[in-house]
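Reader: I'm new to this one, and I'd love a close look at a single part. Could you walk me through the place where the ligand sits, and what lies around it?

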Amino acid sequence: MNNIAIVYKSKYGSTKKYAQWIAEETKGDLFECSEIDINKLRTYDTIIYGGGLYASGIAGISIITKNFEVLKDKEIIVFTVGLASTDREEVFIPITEKWFSQEMRENIKFFHLRGSIDYKKLGIIHKSMMAMLKTVISRKDSNELSDDDKELLSTYGKKVDFTEKNTITPLLLFLKN
Ligand SMILES: Cc1cc2nc3c(=O)[nH]c(=O)nc-3n(C[C@H](O)[C@H](O)[C@H](O)COP(=O)(O)O)c2cc1C
């Protein structure tokens, strides 16, 4: 497992934590997204990109999507970090379909990990986005609420942390094969 770059963009720290764990386990080189450009990135054989999920967008992902032509012969892994439960892979299909072309999806392996939120630490825009989301969810009929909706309502305003080191195991196993 040589010549691996782990690149991440993290606003509140969860994606950074996962990227650090992956770098420790793979002995890869770790970069915050702004610390690396395409000329440096293209020198690696394996690129692992991690970004936090924000309103179904993947933070910083354009470093992969914009440069895909240059990177497409490499092994590319993308991991997302969000609050949503990761039990059902199909939940993430709309996200990958929105941001990646079919060719990209065929060449990239995706993993989805769970992050954290501390409402007290949110910036003003993020705070109001979460308040809006809560309002939308609160207006749903109780029988329409998903488990993630219920969780958001019960933890709204608090601090929740779902980060867990052993959830990177499938990604590490994929790299070994
Ligand atoms: C404004 C806002 C929007 C979010 N949107 C999503 C989302 O669409 N899907 C999701 O699973 N988590 C969402 N989250 C939760 C974040 O992805 C979670 O806090 C994650 O840990 C952020 O990663 P980071 O700590 O590396 O920045 C959102 C959080 C905020 C504050």
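**Around the ligand**

Author: Sure, let's start with the make-up of the shell around the ligand: by class, it has 11 nonpolar, 10 polar and one charged residues. Keep in mind that this is a predicted model. In all, 22 residues surround the ligand, and the closest are Ser 10, Thr 15, Gly 52, Gly 82 and Gly 115. The elements that each give two or more residues to that shell are helix 1 (14–26), strand 3 (46–54), strand 5 (75–82), strand 7 (116–118) and helix 7 (124–138).

Now step back to the whole chain, which is split into domain 1 (4–115 + 162–176) and domain 2 (118–160). Both domains give residues to the shell, so the ligand lies between them. Their C-alpha centres are 25 Å apart, and five residues of domain 1 are in contact with five residues of domain 2. On the domain 1 side of that contact, you'll find four nonpolar residues, one polar and no charged ones.

Let's follow helix 7 away from the ligand. Helix 7 packs with helix 8 (residues 147–155) at an angle of about 120 degrees, their axes 10 Å apart. That angle makes helix 7 oblique to helix 8, and the crossing of the two is left-handed. Here Lys 134, Ile 137 and Ser 138 of helix 7 meet Asp 149, Leu 152 and Leu 153 of helix 8. Sorted by class, that contact has three nonpolar, one polar and two charged residues.

Technical notes
Residues numbered from 1 in each chain as written. Predicted model: local features only at pLDDT ≥ 70, side-chain atom pairs only at ≥ 80, totals over all residues. Near = placed C-beta within 6 Å. Helix = DSSP H or I, 4+ residues; strand = E, 2+ residues; numbered from the N terminus. Nonpolar A, V, L, I, M, F, W, Y, C, P; charged D, E, K, R; others polar. Domains from an automatic or database assignment. Axes fitted to C-alpha atoms, helices over the stretch in contact; angles between N-to-C directions. Parallel < 35°, antiparallel > 145°, perpendicular 65-115°, else oblique. Left-handed = near helix turned anticlockwise from the far one by under 90°. Contact = placed C-beta atoms within 7 Å.
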